[in-house]
Amino acid sequence: MTSVTRQPGAGPVFLGQNLKRMSATTLLQPKNPPVSQHSCFHCHDACPDERLHIGDKYFCCDGCKMVYEILNTNDLCEYYNLDENPGQSLKNRKDAKAYAYLDDDEVQEKLLEFNNGQTAQVSFYLPQMHCVSCIWLLENLYKLDAGVTHSRVNFLKKTATVQYDPGKTSLRKLAALLASIGYAPEINLGDVDGAQKPAMSKRLAYQIGVAGFAFGNIMLFSFPEYVGLDPESDRWFADVFGYLSIVLALPVLLFSARDYLASAWNGLRTRHLNLDVPLALGISMLFGRSAWEILTHTGAGYLDSFAGLIFLLLTGKWFQQSTWQQLSFERDYKSYFPVAATVKTGDSENAVPVNRLVPGDIIIVRSHEIIPADGILLKGSARVDYSFVTGEAEPVNVGSGERIFAGGKQVGESIEISLTRRVSQSYLTRLWNDEAFQNTRKGQVTQLADRAGRYFTGLILGVGGAAFLYWWLLRGDMTIAVNAFTAVMIIACPCAVALAIPFTLGNIVRILGRHRFYLKNINVLEAIAAVDAVIFDKTGTITNVAQQQFEFHGRALGYADKVAVRSLTRHSAHPLSRRIYESMQEIPLEAPQHFEEIPGRGIKGVVSGKEVKVGSADFMDLPATEAGKSGVYVAIDGVVRGYFEIKSRYRDGLEAVLQFFRNSVSPAKKNVGVWLLSGDQDREAVSLAPFFPEPDAMFFNRAPQDKLDFVKKLQRLGRQVMMLGDGLNDAGALRQSDVGIVVAEDTNNFTPACDAILHADEFANLPRYIGLARGGVQIVHRAYYIAFIYNVVGLSYAVTGALSPLVAAVLMPLSSVTIVLFGVGMGNWMARKGGA
């Protein structure tokens, strides 16, 4: 294959340029070109003639030729090397004018997930995506359009998320570009957040339909053989029925079984024995042997078994997709993050769960809180960190009346936003699972699945090959040799190992989400099961902030001082600041002229000309004698006026939660250690001693960096660390931990650094949820055991050559369905048994 070298300084080739070139090429074609036997270089369809070609490369239509020209000119012809049939036919492609409606501002507002003028983001559903070449091309869109800054593919959901510069390209141009290269986006302007998508794609439905139609009719043609009639008594009918069976089986081989064959071929091309190689060999041998017997009149073949195998495989695939779609749908749309937003109604402020927010609600977003949904800024000075969305860490200034987008984090004073959209749970979940926040460490069961997948294929090929050679060379029976090899290739079920993890653990994640314990993904369950060290933060984690009592010690605050203190604490999301703010309900508010929050230390600002500081003793630069006192200190115009003494109330069930962890043993046979890390002084050390009786189990006056260093220290000692915090002063430690859990108490303290969010009301139930997570991993191990027994028994029988290919075709998908039902069913039973 040749390619054109891109000239220095040459820009990407756009759709309009190629349309002009295509039109010119079309005008020069002869009216009656000769019939061609060539296949299209792009999509491999038969070319109707030889009009369209570039050198020795022929094309079936202008669209395919245009795609090749675009890829070739932009040095993207590697696309054709990654897959045997990467291209899609473009004979019925959409015209670029079909996307003119995407220039409408209202349409863009519905479709764009983010748009601050410099960066816009949109997600397209691309049902044509089918192979590694598709992924490679779609993640290199920036080479086709200079306005594209980044593109990311979710292959399972067949979506591509594209970030682009609105000043250099447009939504319409992006859609037209995708359509021009064979990935016309399916765009639905309705509110899809809450509408369940079909579990079966049209392509899979057609594949099942073709295989089922062929299976039924081939069985009818084989009926005389089923009842034992002698084909020699009427050879003509036997031959006709045999030829008709081949005709019906060909679409099954070329269309219905294509995915399995293509996957195996791609694996072999890259020198990788994937799990589809044995299956593809079994399918090919079953079809080839059957065709040979029918064409040579040496037998009736097994095309009924062949078609039945494909039909059952695809039916099992549909069942898997349907079950997974249901699990994903409930996770994304029916179980919401257990966090709340502050809704302003008149002069009152109320905490409302994010799933109850509706367009028109006015919400207050405080410093370091995540914006839960799109809206319009009404009040306040917004400095929004969109690194959660775009990866750019520099805060963006947003003016009053301008749009503000979900996923941003306010880093200044509190702001008021009028919502224009509902909270998109699926969108926030996708942001949460961005690569930047992923933990790359693999759990034990995932490592086991990787090893099984790596060696399973070679083992099956070895067993099948040995059986074939034994029956052929030592026993001299080619029929049994082929039977044995085919049965081994078909009955072996590598899918059980691959399916056990996503279905079993995915179901556990769904169940926990129902109970307001929301996990980022299934990998978190594996990490939870391996934990042997648990760290608790104090304030807002093991203490019930809503029930804490405050008493001020020091020089009494005047009315103006209280106005300044309450006005400043209103803008902080820290639980102690919130309690001080709420304890002064009768005091009016003033807008601060300046506000700044220093995590782990305190807040400062200027209110009505007064310089106000609220925070720890260290933040006030007090002498060591004063710094030993615990509380929230207040300084006005540089003078420390006193401090709020905090009388903590510990969460219900704390002792039982701590005892549960102490009595636990990790999979590595280590006793689970429990520690307390607090940024407060040690005033409560005596009252906490009964909860943490071990020596060196409590550490006070710890800054955020100290907490992070402690986690790293435990990990260097080989510990698997779980940390529970409020997500405010311990985000670094939460992210470093193997499992970071934020405890949320009617506040918007969701942070992308954590792995899970637990509603504070469910704190006492944490042992049940941890037990369920551990149980899910045990279920996976049992599923592996079942799969091992199935394969040993099945292969032992298959190598004898006595196993019918049709029986093997039934058992193989049945084993996959069994693993799915076992994993989901056992997870549900274990949850009910544990009261979850």
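Leaving aside its neighbours within four places in sequence, with which residues is F536 in contact? In this predicted model, the partners of F536 are T541, I542, V657, L658, F661, V674, W675, L676, L677, L724 and F763.

F536 also belongs to a wider assembly. The largest nonpolar core comprises 52 residues, and F536 is listed among those with the most contacts inside it, together with F517, L519, I528, F661, M722 and L724. Helix 25, spanning residues 766-798, supplies the largest share of this core, namely nine residues. A second core, separate from the one just described, holds 47 residues, including A211, F215, L279 and Y790.

Several partners of F536, among them V657, L658 and F661, lead to helix 21. In this helix, which covers residues 654-662, the buried positions are L654, V657, L658, F661 and R662. Viewed down the axis of helix 21, these buried residues fall within an arc of 135°, and they therefore line one face of the helix. The spacing follows a general rule: an α-helix has 3.6 residues a turn, so residues three or four places apart point the same way. Against the buried residues of helix 21 pack strand 17 (533-537), strand 24 (673-677), strand 26 (721-725) and helix 25.

Helix 18, residues 559-569, is mostly covered, with eight of its eleven residues buried. The buried residues are D561, V563, A564, V565, R566, S567, L568 and T569. Their cover includes helix 19 (575-582) as well as strand 19 (594-598), strand 20 (602-607), strand 21 (610-615), strand 22 (632-636) and strand 23 (639-647).

Terms used
Residues are numbered from 1 along each chain as its sequence is written. This is a predicted model: local features need pLDDT of at least 70, side-chain atom pairs count only at pLDDT 80 or more; totals for chains, interfaces and linings use all residues. Side-chain values use heavy atoms; hydrogens and water are left out. A nonpolar core is a set of buried Ala, Val, Leu, Ile, Met, Phe, Trp, Tyr and Cys residues joined through side-chain atoms within 4.5 Å. Buried means under 20% relative accessible area, exposed over 50%, partly exposed in between (1.4 Å probe, protein chains only). Helices (H or I, at least four residues) and strands (E, at least two) are DSSP runs, numbered from the N terminus. Contact means heavy atoms within 4.5 Å. The arc is that of the directions from the helix axis to the C-beta atoms.
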